[in-house]
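Work through the exercises below with the structure open beside you, and attempt each task before reading its solution.

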Amino acid sequence: MNESWTKFALTLGGALVVAAALLVVLAVLIRLAARRSRTAGALHHSTRLPVRVLLLVVAVWASVRSSLPGGTDDRAWEPVNLACRIATIVAVAWLVASIALFVEDLSLRRYRVDVADNRAARRARTQVLVIRRLTLMVVIVLAIGAVLLSFPGAGAIG
C-alpha cells in the first residue's frame, strides 16, 4: 500500500513539473506575441486561470491513470477517474467560455456609445450582448450534457 502511494506521489510530482514547464513555454510564447499585438496579451490575461486549471487537472488525471496499483481495470479507482473526467470537462468549458467572452469583448470595443449619433453602436452592442448570453448558455448546456454522459447508464437515458 505504501509503495503505491510513493509511486503516485512521484508520478504526480513529475506530471506537475511537466505542466509547469508547459506553462512557462506557453507564457514565453504569449509574451513574444504580446509584443506585437495587444490582443494576444489581453487574451493571455483573460484565459490564464482556465488554462492553468486545465493543465493541473490533466496532470493529476495522468498521474492517477499511470499509477493505478491494480491497473486501469480496478473498480476502486473508477470514482477518481470519473471525478477527473468531470473536472476536465468543466475546465475545458471554462476555457471555451473565456475565449468566447474575449472575442465578444473585442467586438464590443469597436463600437463607441459615448458619441452623439450612437444608434448603430447601441444596436450592435445589444446584438453582441444577446450573442454573449446565447454563447454562454450553449457552452453551459454542452458541458452539463458531457458531464451527465460521463456517468454509466446516463447515455441510455439521454
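## Exercise 1: a nonpolar surface patch

Task: in this predicted model, find the residues that make a nonpolar surface patch of about 560 Å², and then decide how M137 is classed by accessibility.

Solution. The patch is formed by M137, I140, V141, I144, L148 and F151. Turning to one of these residues, M137 lies in helix α4, which spans residues 119–150. Its relative accessible area is 48%, and since the partly exposed class runs between 20% and 50%, M137 is partly exposed.

## Exercise 2: the setting of N81

Task: determine whether N81 is buried or exposed, and which residues it is in contact with once neighbours within four places in sequence are left aside.

Solution. Begin with the location: N81 belongs to helix α3, made up of residues 78–109. The relative accessibility of N81 is 2%, and because buried means under 20%, N81 counts as buried. With neighbours within four places in sequence set aside, the contacts of N81 are W61, V64 and R65.

## Exercise 3: the largest pocket

Task: state how much space lies in the largest pocket, and work out which helix gives the most to its lining.

Solution. The largest pocket holds about 150 Å³ of space. Its lining consists of A20, L23, V24, L26, A27, I30, H44, T47, R48, V51 and R52. When these residues are assigned to helices, α1 (2–36) and α2 (38–66) are each found to supply at least two of them. The largest contribution to the lining comes from α1, with six residues.

Notes
Residues numbered from 1 in each chain as written. Predicted model: local features only at pLDDT ≥ 70, side-chain atom pairs only at ≥ 80, totals over all residues. Heavy atoms only, no water. Patch = residues over 30% accessible without salt bridge, like charges linked within 9 Å, V, L, I, M, F, W, Y side chains within 5 Å. Areas by Shrake-Rupley, 256 points an atom, 1.4 Å probe, with all protein chains shown as cover. Salt bridge = Lys/Arg side-chain N within 4 Å of Asp/Glu carboxyl O. Helix = DSSP H or I, 4+ residues; strand = E, 2+ residues; numbered from the N terminus. Buried < 20%, exposed > 50% of the residue type's maximum accessible area, 1.4 Å probe, protein only. Contact = heavy atoms within 4.5 Å. 1 Å grid on protein atoms, 1.4 Å probe; cavity = no way out; pocket = protein on both sides within 12 Å on 5 of 7 lines; lining within 4 Å. Points joined across faces, edges and corners; volume = space filled by probe spheres on them.
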